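This report sets out selected features of one protein model for a reader at the bench. Please keep the sequence and the structure in view while reading.

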Amino acid sequence: MRVIGIREFGPPEVLGVDELPEPEPGAGQAVVAVEAASVIYGDVIVRSGRYPVPLPYVPGLEVGGEVVAVGPGTDRSLLGRRVVATTAGNSGGYAERALVPVAWTFPVPDELPSTTALTVFQAGAVASGMLAAMRVRDGETVLVTAAAGRIGSLLVQLARAGGATVIGAASAGKLAAVEDFGADHAVDYGVGDWPDR
C-alpha cells in the first residue's frame, strides 16, 4: 500500500511516497479506502518538527472514503459504506487505506462528495459547538477572527444563517473570501486600527 510519510522533520519536501503493509482492523475498527484525506494545521506542525513524534510517520487525522474491511465483532453493515472518520492514533490518513475506530466513523450521504464531507467533518462540529455554547441569536453581532480559515469560514456561514450580523476579520488577501462566505463586513486585521473599524 502506498502512503505519504515523513522520515525526517522539515519543510513540505520531506514528505515522500513509501510502501507499507495494509492495515488489519481489530475489534471496533474498520479500514477505509481513502478517497480524500484532510491536511490540517496539526499535520504541518508535526511534519515541521515542532511537535515531534517517532519516525517514520504517516500524517493524516481525518479521512473520507469507503469502508473495505471491519474487525472481529464489528457491524458488517459498514462494509461498502462511504464515511468520514478520524484515524486510529490520529495518524495514517495519507495512505491508500486507513485504519479507523468505528466509534469515530460517520456515514456520508450518497449525493455529498467525500471532499465536501471531509471539509466540514470535525471543523463543522467545532464551529457548531462554539456557536451553541455562545448561544448566538438572531439580531446579534458576531466577530470571527481568522474568518478565512477552516473553522472561521464555517463560523461565518453558520452565524449568518442563524441571523447574526457577522464581522469577519482576516488578512488583506483573504477579505474577498470572507465576503464570499457571507460576512456582512470584512476587516483587515493587519491594519492597526482594525478594532475601531
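Where is alanine 183 found? Alanine 183 sits in the loop that runs between α4 (175-180) and β10. The model in which this residue is placed is a predicted one.

**Alanine 183 and its surroundings**

With a relative accessible area of 10%, alanine 183 is buried, because buried means under 20%. Apart from neighbours within four places in sequence, alanine 183 is in contact with Val156, Val166, Gly168 and Val178. The C-alpha atom of alanine 183 is also separated by 9.6 Å from that of leucine 143, although these two residues are 40 residues apart along the chain.

**Overall architecture**

The protein contains four helices and 10 strands. Their order along the sequence gives the pattern β-β-β-α-β-β-β-β-α-β-α-β-α-β. Taken along the principal axes, the C-alpha atoms fill a box of roughly 55 × 40 × 25 Å. The protein has 197 residues, of which 38% count as buried.

Contacts between residues at least 6 apart in sequence show how the chain is brought together: 64% of them join residues at least 24 apart. The protein exposes about 10600 Å², and carbon and sulfur atoms supply 56% of this area. Its charged side chains comprise 14 positive and 22 negative ones, and the centres of the two sets lie 3 Å apart.

**Aspartate 188 in strand β10**

The loop that holds alanine 183 leads to β10, and aspartate 188 is found in this strand, which covers residues 185-188. Is aspartate 188 buried or exposed? Aspartate 188 counts as buried, since its relative accessibility is 16%.

The side chain of aspartate 188 makes polar contacts with backbone nitrogens. One is that of glycine 190, reached at 2.7 Å. Another is the backbone nitrogen of alanine 172, reached at 3.5 Å. When neighbours within four places in sequence are left aside, the residues in contact with aspartate 188 are Ala170, Ser171, Ala172, Leu175 and Trp194. Alanine 172 therefore appears both in this list and as a partner of the aspartate 188 side chain.

**The aromatic cluster**

A pair of aromatic rings is described by the distance of the centres and the angle of the planes. Three aromatic pairs are counted in the protein, with ring centres within 6.5 Å. In one of them, tryptophan 104 and phenylalanine 106 have ring centres 6.4 Å apart and planes at 70°; the pair is edge-to-face because that angle is over 60 degrees.

Phenylalanine 106 also pairs with phenylalanine 121: their ring centres are 5.7 Å apart and their planes stand at 55°, so this pair is tilted. Phenylalanine 106 belongs to strand β7 (residues 105-107) and phenylalanine 121 to helix α2 (residues 114-134), so the pair ties together parts that are 15 residues apart in sequence. Trp104, Phe106 and Phe121 form one aromatic cluster.

How accessible are the two phenylalanines? Phenylalanine 106 counts as partly exposed, at 34% relative accessibility. Phenylalanine 121 is buried, with a relative accessible area of 13%.

**Backbone features in the loops**

Two residues that are not glycine have a positive phi, and both lie in loops; they are set out below.

| Residue | Phi | Loop | Relative accessible area |
|---|---|---|---|
| Asparagine 90 | about 55° | between β5 (82-86) and β6 (97-101) | 45%, partly exposed |
| Alanine 146 | about 55° | between β8 (141-145) and α3 (150-161) | 39%, partly exposed |

What kind of peptide bond joins leucine 55 and proline 56? The bond is cis, with omega about 0°. Proline 56 is located in the loop between α1 (41-48) and β4 (62-70).

Technical notes. Residues are numbered from 1 along each chain as its sequence is written. This is a predicted model: local features need pLDDT of at least 70, side-chain atom pairs count only at pLDDT 80 or more; totals for chains, interfaces and linings use all residues. Side-chain values use heavy atoms; hydrogens and water are left out. Rings of Phe, Tyr and Trp (its six-membered ring) pair if their centres lie within 6.5 Å; planes under 30 degrees apart count as stacked, over 60 as edge-to-face and the rest as tilted. Buried means under 20% relative accessible area, exposed over 50%, partly exposed in between (1.4 Å probe, protein chains only). Contact means heavy atoms within 4.5 Å. Accessible areas come from the Shrake-Rupley method with a 1.4 Å probe; for residues, only the protein chains shown count as cover. Lys and Arg count as positive and Asp and Glu as negative; His and the chain ends are not counted. The place of a charge is taken as NZ of Lys, CZ of Arg, CG of Asp or CD of Glu. A polar contact is a pair of N or O atoms within 3.5 Å; within protein, one must be able to donate a hydrogen and the other to accept it, and residues adjacent in sequence count only if both atoms are side-chain atoms.
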